[in-house]
Amino acid sequence: MASDLVTKAKEAFIDDHFELAVDLYSQAIAITPNNAELFADRAQANIKLRNFTAEAVADANKAIELDPSMAKACMRKGLACMKLEEYQTAKATLETGASLAPGESRFTRLIKECDEHIAKEAEKLPKHATVETTESVVPPTESKSLDNVTAVPKETQLAFNLSYEGTPAVKPKYRHEFYQKPEEAVATIFAKGIPAENVSVDFGEQILSVSIDIPGEAAYSFQPRLFGKIIPQKCKYEVMSTKIEIQLAKAESIHWTCLEYTGETAVVQRPSVSSDSHKPSYPSSNMRCKDWDKLESQMKKEEKEEKLEGDAALNKFFRGIYKDGDDDARRAMMKSFVESNGTVLSTNWNEVGTKKVEGSPPDGMELKQWEH
């Protein structure tokens with residue numbers, strides 16, 4: 001049954017019927033889900049359909065996971081990453097493939113092409129608009145849903161919780177949000193009670209790949225092309241009891257308008273710092289900016305000038321002595337107060353340090369020893 005589907009899929013691919021080929025490969029994968037060849041071949045069909053991110057790269061990754069020695073899966077992933085201008089990721093994948101197939105000249109040619117693109121990117125000067133912002137953290141916002149989904153395989157649609165007609169479902173399997181700082185973006189997938197061993201997260205030059213595979217459930221895959229480039233080796237993630245938190249180290253300090261790539265012009269994020277203060281402003285959703293340092297200074301001034309009476313004034317007086325005293329004075333105050341049951345308070349360590357301080361109760365009162 002699966003072999004018949006594969007034969008028809010290959011024929012459809014040769015006849016340039018790529019959508020049909022993808023559908024037939026998907027049916028074969030449903031029958032034999034651990035066949036790396038099927039994922040690699042479906043990746044090739046998805047490349048022809050220009051479904052690079054969520055389909056071609058995902059299929060190639062799955063093929064490599066099932067069979068790490070498959071050179072053609074590395075080739076397919078490398079080609080898809082190059083189409084996405086992910087030249088660093090593409091080069092690393094192609095180099096792995098070249099080590100698996102030393103006689104394949106296409107790997108050498110594509111690696112050289114990646115090197116040329118990487119060199120050109122290094123020579124380019126940043127062409128970002130510069131703006132100043134007073135806040136370093138952007139409030140969490142819901143990332144964009146998949147729009148205009150066409151020719152998506154059944155398995156991928158199930159993973160993204162889409163209907164087969166290509167229309168995004170109203171409610172995805174797991175909700176995700178993101179917020180950012182100048183140096184990193186943080187993506188959160190709200191998946192509750194997922195064991196860490198069932199979660200796989202990979203980082204590319206501009207690709208995030210998240211897979212959640214729970215036995216008996218449809219696999220979940222989230223693999224967006226990110227708004228900006230990241231530094232994979234500095235990225236990390238943590239599986240918590242209620243969510244998966246992913247920290248993406250930005251390659252450039254630019255403002256991401258959303259998590260996924262949109263083609264918009266990037267904006268350099270430059271926090272504005274007051275000239276008379278070296279402390280950063282606290283992030284707030286309040287439209288009015290508050291000078292917290294000034295407020296703290298004002299509160300301390302009010303506390304200092306506050307006029308107290310009775311026990312409150314006496315306690316303030318003793319606190320002042322303790323605060324301004326040296327270490328010996330503080331030790332003397334603590335020892336004399338404790339040993340005298342609160343009836344003696346001395347700042348002379350030479351006097352109280354060598355003997356026990358005996359307390360004497362005020363006139364008309366009796367000193368009692370409490371048993372512990």
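**Entry 1: Phe 337 and its surroundings**

I began with Phe 337, which counts as partly exposed because its relative accessibility of 44% falls between the limits of 20% and 50%. I was working with a predicted model throughout. Looking up where this residue sits, I found Phe 337 in helix α11, which spans residues 327-339. I then looked for nonpolar company on the surface, and noted that Phe 337 forms a patch there with Val 338 and Leu 345, the three having about 280 Å² of accessible area together.

**Entry 2: the protein as a whole**

I next turned to the overall figures. I noted 12 helices and 11 strands in the secondary structure of the protein, and I found that 35% of the 372 residues count as buried. For the accessible surface I wrote down about 23,300 Å², with 52% of that area belonging to carbon and sulfur atoms. I also looked at contacts with a separation of 6 or more in the protein, and 54% of these are accounted for by residues 24 or more positions apart.

**Entry 3: the nonpolar cores**

Which residues have the most contacts inside the largest nonpolar core? In this core of 27 residues, I listed Ile 189, Leu 208, Ile 212, Ile 246, Leu 248, Trp 256 and Leu 259. I then traced the elements that give two or more residues to this core, and they are β4 (184-190), β5 (199-203), β6 (208-212), β7 (220-222) and β9 (244-249). The largest share, four residues, comes from β9.

I followed Leu 208 further and, leaving out residues up to four places away in sequence, recorded that Leu 208 touches Val 201, Asp 202, Phe 203, Phe 222, Gln 223, Pro 224, Leu 226, Ile 246 and Leu 248. I also noted a second, separate core of 20 residues, with Leu 24, Tyr 25, Ala 63 and Met 70 among them.

**Entry 4: Gln 206**

I went on to Gln 206, whose place is in the loop between β5 and β6. Is this residue buried or exposed? Gln 206 has a relative accessible area of 5%, and since the limit for burial is under 20%, I entered this residue as buried.

I then asked what surrounds Gln 206. Leaving aside neighbours within four places in sequence, I found Gln 206 in contact with Glu 86, Pro 224, Arg 225, Leu 226, Phe 227, Gly 228, Lys 229 and Tyr 261. For Phe 227 I could add a distance, as the backbone oxygen of this residue lies 3.4 Å from a polar atom of the side chain of Gln 206.

Terms used:
Residues are numbered from 1 along each chain as its sequence is written. This is a predicted model: local features need pLDDT of at least 70, side-chain atom pairs count only at pLDDT 80 or more; totals for chains, interfaces and linings use all residues. Side-chain values use heavy atoms; hydrogens and water are left out. Buried means under 20% relative accessible area, exposed over 50%, partly exposed in between (1.4 Å probe, protein chains only). Contact means heavy atoms within 4.5 Å. Accessible areas come from the Shrake-Rupley method with a 1.4 Å probe; for residues, only the protein chains shown count as cover. A nonpolar core is a set of buried Ala, Val, Leu, Ile, Met, Phe, Trp, Tyr and Cys residues joined through side-chain atoms within 4.5 Å. A polar contact is a pair of N or O atoms within 3.5 Å; within protein, one must be able to donate a hydrogen and the other to accept it, and residues adjacent in sequence count only if both atoms are side-chain atoms. Patches are made of residues with over 30% relative accessible area and no salt bridge: like charges are joined within 9 Å, nonpolar side chains (Val, Leu, Ile, Met, Phe, Trp, Tyr) within 5 Å. A salt bridge is a side-chain nitrogen of Lys or Arg within 4 Å of a carboxyl oxygen of Asp or Glu.
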